[in-house]
Amino acid sequence: MSSHDAAPSGPPSRNPCCLCWCCCCSCSWNQERQRAWQVSRESKLQPLPSCEVCTPPSPKEVQSWAQSFDKLMHSPTGRSVFRAFLRTEYSEENMLFWLACEELKAEANQHVVDEKARLIYEDYVSILSPKEVSLDSRVREGINRKMQEPSPHTFDDAQLQIYTLMHRDSYPRFLTSPTYRSLLLQGAPQSSEA
């Protein structure tokens, strides 16, 4: 008689040391960790009140955003304004994903890398996520392989794909948007004719 024949019948027990990294896992270990990191995720990925929101950008800075998408994305104020624009287009998750990947790349502690990678996967890559970003199947499969041993660069290909999407798709619309035009007008020199 084989060991397979001797297996007990009935529902499989849940393994508390689950190595699943996707949100399809309903084990208690994953649920506890998800609850524990919820507060952390919300505080780190949402905009914090800061001078980039309070201080209006200089006219020169606003004009530089039209020179290249890189200049916009390297400006904290530019990212904040662009994120607000993406929210109006219902694509804010692209910026949130990009920011989360940047945060992950700055992390050195492997335990924190594992947790952040799991959260990024659950929030933006999982097909069950309401904030899922648009990734092609090749990139998605690469992430699935890399999630077995996450690193700060697990999402590099996906981050580049989303960056390119924002650059080609949303950025041109941003430059012609009322939001950007009003910022340009605020910095335009006023006529002094009497």
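This briefing walks through the fold, the nonpolar core, one helix in detail and a few loop residues. The model is a predicted one. What we have is a chain with 10 helices and zero strands, and 38% of its 194 residues count as buried. Helix α6 gets most of the attention below, since it turns up under several headings.

**Overall fold**

- Reading along the sequence, you just get helix after helix: the pattern is α-α-α-α-α-α-α-α-α-α.
- Take the contacts in the chain with a separation of 6 or more: 62% of them are between residues 24 or more positions apart.

**The nonpolar core**

- The largest nonpolar core has 36 residues, and the ones with the most contacts inside it are F82, F97, I143, F155, M166 and F174.
- Plenty of helices chip in: α3 (59-65), α4 (69-74), α5 (76-88), α6, α7, α8 (137-146), α9 (156-175) and α10 (178-187) each supply at least two residues of this core.
- The largest share comes from α6, which puts in seven residues.
- F82 is a good place to start looking: leaving aside residues up to four places away in sequence, F82 touches F69, L72, M73, M95, M166, S170, Y171 and F174.
- Two of those partners, M166 and F174, are also listed with F82 among the core residues with the most contacts.

**Helix α6 up close**

- α6 covers residues 92-105, and 10 of its 14 residues are buried, so the helix is mostly covered.
- The buried ones are E92, E93, N94, M95, L96, F97, W98, A100, C101 and L104.
- How does its length check out? At 1.5 Å a residue, the 14 residues of α6 should span 20 Å, and the end C-alpha atoms are indeed 20 Å apart.

**Where α6 meets α9**

- α6 and α9 pack at an angle of about 145°, and their axes are 10 Å apart.
- The crossing of α6 past α9 is left-handed.
- On the α6 side, the residues involved are N94, M95, F97, W98, C101, E102 and K105; on the α9 side they are D156, A158, Q159, I162, Y163, L165 and M166.
- Sorted by class, this contact has nine nonpolar, two polar and three charged residues.
- F97 in α6 and M166 in α9 both belong to this contact, and both are on the list of core residues with the most contacts.

**Loop residues worth a look**

- Y90 lies in the loop between α5 and α6, and its phi is near 60°, a positive value in a residue other than glycine.
- For context, most residues other than glycine have a negative phi.
- Y90 counts as exposed because its relative accessibility is 73%, with the cut-off for exposed being over 50%.
- A106 sits at the other end of α6, in the loop between α6 and α7 (110-125).
- A106 is exposed too, with a relative accessible area of 70%.
- Although A106 and P152 are 46 residues apart in sequence, their C-alpha atoms are 7.3 Å apart in space.
- Is S177, in the loop between α9 and α10, buried or exposed? At 5% relative accessibility, S177 counts as buried, because buried means under 20%.
- S177 and F85 are 92 residues apart along the chain, with 8.4 Å between their C-alpha atoms.

Key:
Residues are numbered from 1 along each chain as its sequence is written. This is a predicted model: local features need pLDDT of at least 70, side-chain atom pairs count only at pLDDT 80 or more; totals for chains, interfaces and linings use all residues. Side-chain values use heavy atoms; hydrogens and water are left out. Helices (H or I, at least four residues) and strands (E, at least two) are DSSP runs, numbered from the N terminus. Buried means under 20% relative accessible area, exposed over 50%, partly exposed in between (1.4 Å probe, protein chains only). A nonpolar core is a set of buried Ala, Val, Leu, Ile, Met, Phe, Trp, Tyr and Cys residues joined through side-chain atoms within 4.5 Å. Contact means heavy atoms within 4.5 Å. The expected span of a helix is 1.5 Å times one less than its number of residues. Axes are lines fitted to C-alpha atoms, for helices over the stretch in contact, and angles run from 0 to 180 degrees between N-to-C directions. A crossing is left-handed if the near helix is turned anticlockwise from the far one by less than a right angle, and right-handed if clockwise. Ala, Val, Leu, Ile, Met, Phe, Trp, Tyr, Cys and Pro count as nonpolar, Asp, Glu, Lys and Arg as charged, and the others, Gly among them, as polar.
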